[in-house]
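Got the model open in your viewer? Here's a short tour of what to select and what you'll find there.

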Amino acid sequence: MSSDPVADLAASLGDFARGLRTLLNDRGLPRTGSPAATEAAGEPYADAWGDRPSGDIFGSMLLQAWSSADHLLAAAELISSRSVTAPPYTVMRAAAESASIACYLTE
């Protein structure tokens, strides 16, 4: 067991954020056969909501998720530096907001 919980927090937060970024980079499109891919193929809301609303929402969701991952990586760096107080809160709040927007867009 580590004797430095602050370093452990920064390391695990960074590992999570890097894992999220890897997942997002590897899965640039909805998985074949998923509800998102099925809806995007037919675009049932194409007229009322634009030319390809499902694809547009998926792209917006990806940008929000990447933003959240970037903010989490920044928070890990700030925690590791041990020279700041307020900025970890600031970037963690932005990460939570981006993640919540991504969740909202996928409902």
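Start by selecting helices H2 (35-42) and H4, since each supplies at least two residues of the lining of the largest pocket. Helices here are DSSP runs of H or I, at least four residues, numbered from the N terminus. A pocket is an open set of points on a 1 Å grid over the protein atoms alone, where a 1.4 Å probe fits, with protein on both sides within 12 Å along at least five of seven lines; lining residues have an atom within 4 Å of a point.

Bear in mind that this is a predicted model: local features need pLDDT of at least 70, side-chain atom pairs count only at pLDDT 80 or more, and totals for chains, interfaces and linings use all residues. Residues are numbered from 1 along each chain as its sequence is written, and side-chain values use heavy atoms, leaving out hydrogens and water.

Next, pick Glu 39, Pro 53, Ser 54, Ile 57 and Leu 105: of the 15 lining residues, these lie nearest the pocket's centre. Which helix gives the most to this lining? That's H4, with five residues.

Now highlight all of H4, residues 53-81. Just after H4, click on Arg 82, which takes a positive phi of about 55°.

Add H5 (residues 86-105): H4 and H5 pack at an angle of about 160°, their axes 8 Å apart. Axes are lines fitted to C-alpha atoms over the stretch in contact, and angles run from 0 to 180 degrees between N-to-C directions.

Last stop: select Leu 20, Arg 27, Phe 58 and Met 61, which are among the residues lining the second largest pocket. H4 brings the largest share there too, four residues.

Notes: Expected span 1.5 Å × (residues − 1).
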